[in-house]
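Let's take a walk through this structure together, one helix and one interface at a time. Have the viewer open and follow along.

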There are 2 protein chains.
Amino acid sequence: MTDAIAFIGTGIMGRPMAGHLQRAGRRLRLSPHRSGAPAELVAGGAEIVSTPAEAARGAGTVILMLPDTPDVERVLFGPDGVIEGLAPGATVIDMSSIDPIATGAFAARIEAAGCDYVDAPVSGGEVGAREAALTIMVGAREPAYERVLPLLQLMGARITRVGDPGAGQVTKVANQIIVALNIEAVAEALLFAAKAGVDPAMVREALLGGFASSRVLEVHAQRMIDRTFAPGFRIELHQKDLGLALAGARALSVALPNTAGTQQLLSSCVAAGQGDSDHSALITALEQLAHYRLDGGGDEAE
Amino acid sequence: MTDAIAFIGTGIMGRPMAGHLQRAGRRLRLSPHRSGAPAELVAGGAEIVSTPAEAARGAGTVILMLPDTPDVERVLFGPDGVIEGLAPGATVIDMSSIDPIATGAFAARIEAAGCDYVDAPVSGGEVGAREAALTIMVGAREPAYERVLPLLQLMGARITRVGDPGAGQVTKVANQIIVALNIEAVAEALLFAAKAGVDPAMVREALLGGFASSRVLEVHAQRMIDRTFAPGFRIELHQKDLGLALAGARALSVALPNTAGTQQLLSSCVAAGQGDSDHSALITALEQLAHYRLDGGGDEAE
């Protein structure tokens, strides 16, 4: 087994993350998932192979940074998948944000092959990835966590082991529930205030520092007020994440009423062609219901 | 007109607030609303009168700190109400948290009598009142605001003029919407995580500092984890405040779907005899739906 790292998924997030590992002297092996191999990683000495199995062969660590649950499943267990090349004792780190329930099954299969499975989803977006400032929520057994921590520290600034394999994805879902519902809360409050004739910027200002304070009140409320809906974090991705929450909740028999309602508002945004907007554009679904815009504009159809 | 301040409503909040004014050398005139006059205010020289009209007679400033909209209406405009004693040029400051729509009407009647109306609801609770650290959201015309600001500064630490009369109550409602919905968000997220087998204390720890950060995640999530539901801020009062939000939203034709749903969860808490618990006990309504407790306990009925 070598100290090479197989890194699969070098898109918007994975590309800068892999770059941090390479600059720290780690040898990368890439099996390009959708787009080609990033030029700077190739120039930095990354080895390009053609399948996940080949990338994993002899690698001590396999890192995945993929869009969704089926991608991870295919790369790990599909034809020419990671598991075909994985040597006993190797560690798979899935940094994608995927289904916590499926993650439990993936971890069991990897562990049955004599390897360690670590789920380590991130928050902090593209900026966090570029600046190695990601928040990383880790599900891992303790010895595996100790072993991968130095790698994670090259990519993240706030790293917490929250439990055994699967716990990282559960925590990421919890994060996405809170962020979406906090955005919806701020949207309801600002829309109420604006329609009652009060400047939403003054409301935001008055409430910062009190019990209504949140990162969302700081960041997303300002985007709503300025109507700057360039992502940031895309509505479509947050819709996917709330979908994971609701599927998980169903499997666990937990009722999440506001998550369910908020998911419907995100669906309305997608219907309006806003899937690529920042999630703060969630407010436009409420504006649609009220036939009123936060900036005082009326219904476009009128 | 004298520099005396008529202070009506010296309950849990009003009592320490009036004390700050008195200690700063302001002469108080009290017309006890429900309970008797607080002994320390009497000992400090407060004059006790028997009706709001008498309290207001010749006073330059009348401050109200009352439970709900009907109380404010009765004290201002009922038999022997403030308006019967109010001299032109005096200022009424309503620091209660009441209906923004009604406030608009109250302000119009007070202004028609040649006086100023200032709505200045607070957040920060009993501790904030005692420590003169309240957040105060002020609706006032600019000259009236300049005049009352030194008084407000004796009671609050963060004071913002958000607009003309009525705007303060609108902002307070916005505050209560956000706080309730942020509590509900944290409750859904922690319950989901706990039922998925992850320690909610680790989830809170991992998410603080990221985009899910809020005062509610700091304070109320900890109360949920510790199951310390002594108020704090009582469920029954928050239920009242969301009632104001929904009545206002109906009058304004604004849809507030998550506020409406969360109000129903508060009603469930009241049905369970928890009206006097801290609003973080909102999580128990979700626990009831899931037949599962955050601390791993099952349904009590099982």
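How far does helix H12 of chain B reach from its first C-alpha to its last? This is a predicted model, and in it H12(B), residues 235–252, spans 25 Å with its 18 residues, close to the 26 Å expected at 1.5 Å a residue. Right after the helix, Ser253(B) adopts a positive phi of about 60 degrees.

Now look at what H12(B) hides. Its buried residues include Ile235(B), Leu242(B), Leu244(B), Ala245(B) and Leu252(B), and also His238(B), Gln239(B), Lys240(B) and Asp241(B). Among the elements covering these buried residues are helices H4, H6, H9 and H13 of chain B, and helix H9 of chain A is there too. A general point is handy while you rotate the view: an α-helix has 3.6 residues a turn, so residues three or four places apart point the same way.

That contribution from chain A leads us to the interface. The contact takes 61 residues from chain B and 61 residues from chain A. Between them the two chains bury about 5,300 Å², with 69% of that area on carbon and sulfur atoms. What holds for polar pairs and salt bridges? The rule finds 16 residue pairs in polar contact across the interface, but zero salt bridges. On the side of chain B that touches chain A, strands E8 and E9 and helices H9, H10, H11, H12, H13 and H14 each supply at least two residues. The largest share, 20 residues, comes from H9(B). Sorted by class, this side of chain B has 39 nonpolar, 15 polar and seven charged residues.

Helix H14 of chain B deserves a stop of its own. Six of its eight residues are buried, so to speak of it as mostly covered is fair. Those buried residues are Ile283(B), Thr284(B), Ala285(B), Leu286(B), Glu287(B) and Ala290(B). They pack against H9, H11 and H13 of chain B, together with helix H13 of chain A. H14(B) is followed by His291(B), whose phi is positive, near 50 degrees.

Finally, move over to chain A, where Gln169(A) is found in helix H9. Is Gln169(A) buried or exposed? Its relative accessibility is 0%, so Gln169(A) counts as buried. A polar atom of the Gln169(A) side chain lies 3.0 Å from the backbone nitrogen of Ile98(A). Leaving aside residues up to four places away in sequence, Gln169(A) touches Ile98(A) as well as Asp94(A), Ser96(A), Ser97(A), Pro100(A), Thr103(A), Asp119(A) and Pro121(A).

Methods. Residues are numbered from 1 along each chain as its sequence is written. Chains are lettered from A and ligands numbered from 1 in the order in which they are written. This is a predicted model: local features need pLDDT of at least 70, side-chain atom pairs count only at pLDDT 80 or more; totals for chains, interfaces and linings use all residues. Side-chain values use heavy atoms; hydrogens and water are left out. Helices (H or I, at least four residues) and strands (E, at least two) are DSSP runs, numbered from the N terminus. The expected span of a helix is 1.5 Å times one less than its number of residues. Buried means under 20% relative accessible area, exposed over 50%, partly exposed in between (1.4 Å probe, protein chains only). Contact means heavy atoms within 4.5 Å. Buried area is the accessible area (1.4 Å probe) that two parts lose on being put together, summed over both. A salt bridge is a side-chain nitrogen of Lys or Arg within 4 Å of a carboxyl oxygen of Asp or Glu. A polar contact is a pair of N or O atoms within 3.5 Å; within protein, one must be able to donate a hydrogen and the other to accept it, and residues adjacent in sequence count only if both atoms are side-chain atoms. Ala, Val, Leu, Ile, Met, Phe, Trp, Tyr, Cys and Pro count as nonpolar, Asp, Glu, Lys and Arg as charged, and the others, Gly among them, as polar.
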